[in-house]
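Student: Got a minute to go through a model with me? I'd like to talk it over piece by piece.

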Amino acid sequence: MLPFLRSDLAQLVSYTPHLGGAAPAAHGSPAQAASIDRLDTNESPYDLPEDLKQKLAWAYQHELEANRYPDGEHAALKGAIAQYANHSARPVANWVTSAHISVSNGSDELIRSLLIATCLRSEGSVLVADPTFSMYAITAHTLGVPVVRVGRDAQTFETDLAAARRAIATPATGQPAIRVVFMVHPNSPTGNALTDAELDWLRSLPSHILVVIDEAYFEFGQQTVLAELPQRPNWVILRTFSKAFRLASHRVGYAIAHPELAATLEKIRLPYNLSSLSQRAAELALAHQDTLLAAIPTLLTERDRLFQALAALPGITVWPSAANFLFLRLQNDPADETLENLFQSLKSAGTLVRKTCGGLRITVGTPAENQRTLDRLRSQLLPS
Ligand SMILES: *Cc1c(COP(=O)(O)O)cnc(C)c1O
């Protein structure tokens with residue numbers, strides 16, 4: 001190892017983007033790419049419609065200046081996000097303003113900024129409930145921030161609240177107390193939304209603990225804690241344009257937070273973290289949200305159809321989901337061998353899914369993709 005590198009980074013396992021090396025999209029011909037069903041990263045299966053791409057291309061040709069730095073304040077985009085956030089609340093809110101918003105290069109960037117703003121200099125540890133989104137722990141480790149893991153109920157995936165309370169009450173020896181709790185609502189990879197008991201526990205946390213509620217999949221289930229934010233200055237919501245808004249390639253995420261936290265996130269981020277094109281793409285997506293979000297009912301119908309069909313297959317457990325993916329596990333597979341075989345055979349048949357947390361997370365794709373997923377799983381799991 002190079003002697004100037006931090007010694008703890010040798011052990012760091014980084015996030016694996018597109019298991020299998022992104023080969024189909026990056027290096028294959030479009031025809032090859034089309035023959036692989038990429039159901040491993042919870043993107044929308046639908047690209048931006050042609051006319052919106054043309055609008056964006058027109059803006060790039062005639063309005064955006066490639067030689068100029070982008071708007072480092074994200075002023076137009078923040079205004080549009082604040083309006084969208086207000087309308088996403090039930091009942092509709094009116095208090096979200098640009099001062100409550102920080103925009104980032106994917107919400108991944110915000111995860112890092114939040115950790116920088118709270119836990120660095122050994123000032124805090126983070127709490128996660130496994131299985132959950134791996135980026136929280138990975139990002140914490142890159143910053144040398146300790147991670148405390150608690151479990152979830154094996155059937156419902158509700159957080160083990162007794163363990164969480166204990167972890168907060170008694171920090172491990174030599175470690176700073178927990179200062180940030182990360183929760184996904186609904187959780188990835190398991191698809192369950194926060195329960196009343198989990199929400200009550202989050203409400204009970206003291207004001208010196210930051211509660212991060214990651215609503216990356218908000219648009220699929222419409223569940224949000226936004227209405228509670230004005231009473232809870234220690235809560236922050238993360239959202240993204242990478243899923244329902246079909247803009248994963250543009251890397252746009254945002255936080256909705258108390259103005260003082262939003263201002264701090266703005267202070268510590270890189271000055272030009274988002275290209276002009278990405279900012280414009282997100283503005284365009286919000287301006288055409290009705291068109292883009294119109295795909296969601298079909299995805300939800302497809303998700304429920306896929307769920308029913310998977311639940312009927314022998315030897316697997318599949319969980320209901322409030323998002324655009326399903327999580328399944330095999331019932332008798334102590335050595336993980338059958339799961340690995342299933343994962344590999346799906347992959348060689350042309351369906352990429354994510355093998356994670358002892359199961360498979362399968363993104364809901366187009367009806368044709370979902371049908372192929374089912375056919376391929378059936379041919380593996382049903383006796384011939
Ligand atoms: C996909 C996802 C995100 C979004 O990440 P981006 O960096 O905005 O693409 C954030 N949190 C969770 C739980 C996710 O699944």
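Student: Okay, what do β3, helix α6 and β4 make together?

Tutor: Those three form a right-handed β-α-β unit, and α6 covers residues 135–142. Keep in mind that this is a predicted model.

Student: And in which sense do β3 and β4 pair?

Tutor: Parallel, over four bridges. Strand β3 is residues 125–129, and strand β4 is residues 147–150.

Student: Which residue in β4 is the bridge partner of L127?

Tutor: V148 is the one that bridges to L127.

Student: What about the peptide bond from D130 to P131, cis or trans?

Tutor: Cis, with omega near 0°. P131 sits in the loop between β3 and α6, the two elements we just met in the β-α-β unit.

Student: What about the bond from H185 to P186?

Tutor: The H185 to P186 bond is cis as well, again with omega near 0°. P186 is in the loop that runs between β5 (178–184) and α8 (196–204).

Student: Switching to the ligand. How many residues surround it, and which are the closest?

Tutor: There are 13 residues around the ligand, and the closest are D214, Y217, T240, K243 and R251.

Student: How does that shell split by class?

Tutor: Five are nonpolar, four are polar and four are charged.

Student: Which helix gives the most to the shell?

Tutor: Helix α5, residues 106–118, which puts in three residues.

Student: Let's get to atoms. Which ligand atom does D214 reach, and at what distance?

Tutor: A polar atom in the D214 side chain is 2.6 Å from a ligand nitrogen. For Y217, a polar side-chain atom lies 2.6 Å from an oxygen of the ligand. S242 also has a side-chain N or O atom 2.7 Å from a ligand oxygen.

Student: How much of the ligand does the protein bury?

Tutor: The ligand on its own exposes 380 Å², and the protein buries 93% of that.

Student: Back to R251 for a sec. What is its phi?

Tutor: Near 60°, so a positive value in a residue other than glycine. R251 belongs to the loop between β7 (235–240) and β8 (252–256), and R251 is also among the closest residues to the ligand.

Student: Zooming out, how many helices and strands does the chain have?

Tutor: It has 15 helices and 13 strands.

Student: And what does the radius of gyration say about the chain?

Tutor: The chain comes out at 21 Å, and a compact globule of 384 residues would be near 21 Å, so the two agree. Along the principal axes, the C-alpha atoms fill a box of roughly 60 × 60 × 55 Å.

Technical notes. Residues are numbered from 1 along each chain as its sequence is written. This is a predicted model: local features need pLDDT of at least 70, side-chain atom pairs count only at pLDDT 80 or more; totals for chains, interfaces and linings use all residues. Side-chain values use heavy atoms; hydrogens and water are left out. A residue is near a molecule or strand if one of its heavy atoms lies within 4 Å of it. A polar contact is a pair of N or O atoms within 3.5 Å; within protein, one must be able to donate a hydrogen and the other to accept it, and residues adjacent in sequence count only if both atoms are side-chain atoms. Accessible areas come from the Shrake-Rupley method with a 1.4 Å probe; for residues, only the protein chains shown count as cover. Ala, Val, Leu, Ile, Met, Phe, Trp, Tyr, Cys and Pro count as nonpolar, Asp, Glu, Lys and Arg as charged, and the others, Gly among them, as polar. Two strands pair if DSSP finds at least two bridges between them. A crossover is right-handed if, with the strands pointing away from the viewer, the path from the first strand over the helix to the second runs clockwise. The radius of gyration is taken over C-alpha atoms; the globule rule is 2.2 Å times the number of residues to the power 0.38.
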